[in-house]
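This report examines selected helix contacts, backbone geometry and the surroundings of a bound ligand. The sequence and the structure are shown first.

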Amino acid sequence: MNDPRALAARALAEVALRGASLREVQARTAPALADPRDRALLAALLHEGARYWLRYDALLARLLERPLRTRLPALHALLILGLVQIERMRLPEYAAVAATVEAARVLGHGHQSGLINAVLRRFLRERAALTAALDADAVTRHALPRWLLDALAHDWPESAGSVLATINVEAPPTLRVNRRRADRDAIIAALAGAGHAAHAHPWLRDAVQLDASTDVTRLPGWAEGTIAVQDGAAQIAADLLDVTPGLRVLDACAAPGGKACHLLERADLDLLALDREPERLARVAANLERLGLTATLRAGDASQPGTWWDGRAFDRILLDAPCSATGVLRRQPDVRLHRRATDIPTLAQTQRALLDALWPLLAPGGRLLYATCSLLRAENGSVAAAFAAAHADAEGVPIVLPAGRADGPGWQILPGEDGLDGMYYAAFVKRAGNGRVR
Ligand SMILES: C[S@@+](CC[C@H](N)C(=O)[O-])C[C@H]1O[C@@H](n2cnc3c(N)ncnc32)[C@H](O)[C@@H]1O
């Protein structure tokens, strides 16, 4: 099958109705398409389909007499994609309807062309009233679950509006320049030469912001390992961890290795990249190799150091903890479909347990950086504050960045601020035995 819409419908049904990860499904599906333009269309359909699922799923409930979700999940997803193409991707209406009918035929639902025509044409006829009804409810206006809207309004009442204004806007990728191999200005010039407008981030030393989305693996410098994709907010970790050559560093939740690679681009380190998922460590290995970097890789549970630690203390520990990923909804729109309110207390417990388990591994005078890509205080300021209160030898390192605000002992960036994803950081130095920080 090589119809991008049919493939996207099947993949989107897996993501929205069976809990599959968009990234994994996309990686599995895209190779079926030889033409890069078809792959770009697949990516756009999957991202916009996941982003707006909650809106158009509710719309379909109004348009369909009998629900299709469970009986014919791919057809249901295909109709959502038809609506997405009309409303979000601004495809001419006749083209969106015709392409949806054709994709249904490819999926073996050719006999449903009457239904598809009826649903999409009714939407077009009653569009004004139907979209007004969707816009009247925050859930269908923003295509976000109620619990997340409530949490956002509760945690960040003054910023919730601007977060909601950017969270559904596609963000072109940010690149990280491998400073061991290239100079940022030269990279920007090479990108311009290949027709890709890009500019240096105003305050992140290694970041280059592309003006438009593109297949990064075809950019000049990708094959040579002079660039990687990493949001600017994630690039802050390397600044805050303050690494110098020769330090012994633990990246306790390392896969796929973005922050570990950045640290190694900054300095020659004795870096242990740990992750609980062995298959995700393969991605760390691939990234290290492409960028010409070296680290020790180990599969293990960071909350059980007894199973993998050799007893030698670390000078730096990065805990980029498992989290709700609510800060990266712009780039991972399926997060809204997978997370539940009840996940948050469980995640906070895990985050706290990881901090407690790793703290004893830090050398006196050493620094631990706690990071999440969450925008929820329950996973961020609250966890960091409770950790600091429980560890008298943990001294908070003040963090002040050009974007964001303090939260507990750390710093919160919300999605869209200075073009960044949402991210939280808190840094702690371990007081030496005499009570002083070295
Ligand atoms: C936010 S991602 C890390 C991203 C990574 N630091 C980067 O910059 O590319 C969290 C990672 O933590 C891993 N993980 C979750 N729980 C873990 C645990 N208890 N021990 C070790 N790794 C864990 C997951 O497999 C996942 O790869």
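At roughly what angle do the axes of helix H7 and helix H8 cross? The model is a predicted one, and in this model the axes of H7 (residues 113–125) and H8 (residues 127–135) cross at roughly 85 degrees, coming within 5 Å. H7 and H8 are therefore roughly perpendicular to each other, since angles of 65 to 115 degrees fall in that class. On the H7 side, the contact is formed by Arg 122, Phe 123, Leu 124 and Arg 125, which meet Arg 127, Leu 130 and Thr 131 of H8. Sorted by class, this contact comprises 3 nonpolar, 1 polar and 3 charged residues.

A second helix pair is formed by H1 (residues 4–18) and H5, whose axes lie 8 Å apart and pack at an angle of about 110 degrees. H1 and H5 are therefore also classed as roughly perpendicular to each other. The H1 residues in the contact include Ala 8, Leu 12 and Leu 17, and those of H5 include Ala 77, Leu 81 and Gln 85. The contact of H1 with H5 contains 11 nonpolar, 1 polar and 3 charged residues.

**Backbone geometry**

Most residues other than glycine have a negative phi, and most peptide bonds are trans. Arg 90 has a positive phi, near 55 degrees. Arg 90 is placed in the loop that joins helix H5 (73–87) to helix H6 (93–106). The peptide bond leading from Ala 255 to Pro 256 is cis, and its omega is near 5 degrees. Pro 256 belongs to the loop between strand E5 (248–251) and helix H14 (258–266).

**Ligand surroundings**

Ala 255, the residue that precedes the cis bond, also has a polar backbone atom 3.2 Å from an oxygen atom of the ligand. Backbone atoms of Gly 258 and Lys 259 make contacts of this kind as well, as listed below.

| Residue | Protein atom | Ligand atom | Distance |
|---|---|---|---|
| Ala 255 | polar backbone atom | oxygen | 3.2 Å |
| Gly 258 | polar backbone atom | oxygen | 2.8 Å |
| Lys 259 | backbone N or O atom | oxygen | 3.1 Å |

Taken alone, the ligand exposes 610 Å², of which the protein buries 88%. The ligand is surrounded by 18 residues, and the closest are Gly 258, Asp 275, Arg 280, Ala 302 and Asp 320. This shell consists of 8 nonpolar, 3 polar and 7 charged residues. Gly 258 thus appears both among the closest residues and in the table of backbone contacts.

Definitions and conventions. Residues numbered from 1 in each chain as written. Predicted model: local features only at pLDDT ≥ 70, side-chain atom pairs only at ≥ 80, totals over all residues. Heavy atoms only, no water. Near = heavy atom within 4 Å. Polar contact = N/O pair within 3.5 Å; in protein donor to acceptor, adjacent residues only side chain to side chain. Areas by Shrake-Rupley, 256 points an atom, 1.4 Å probe, with all protein chains shown as cover. Nonpolar A, V, L, I, M, F, W, Y, C, P; charged D, E, K, R; others polar. Axes fitted to C-alpha atoms, helices over the stretch in contact; angles between N-to-C directions. Helix = DSSP H or I, 4+ residues; strand = E, 2+ residues; numbered from the N terminus. Parallel < 35°, antiparallel > 145°, perpendicular 65-115°, else oblique. Contact = heavy atoms within 4.5 Å.
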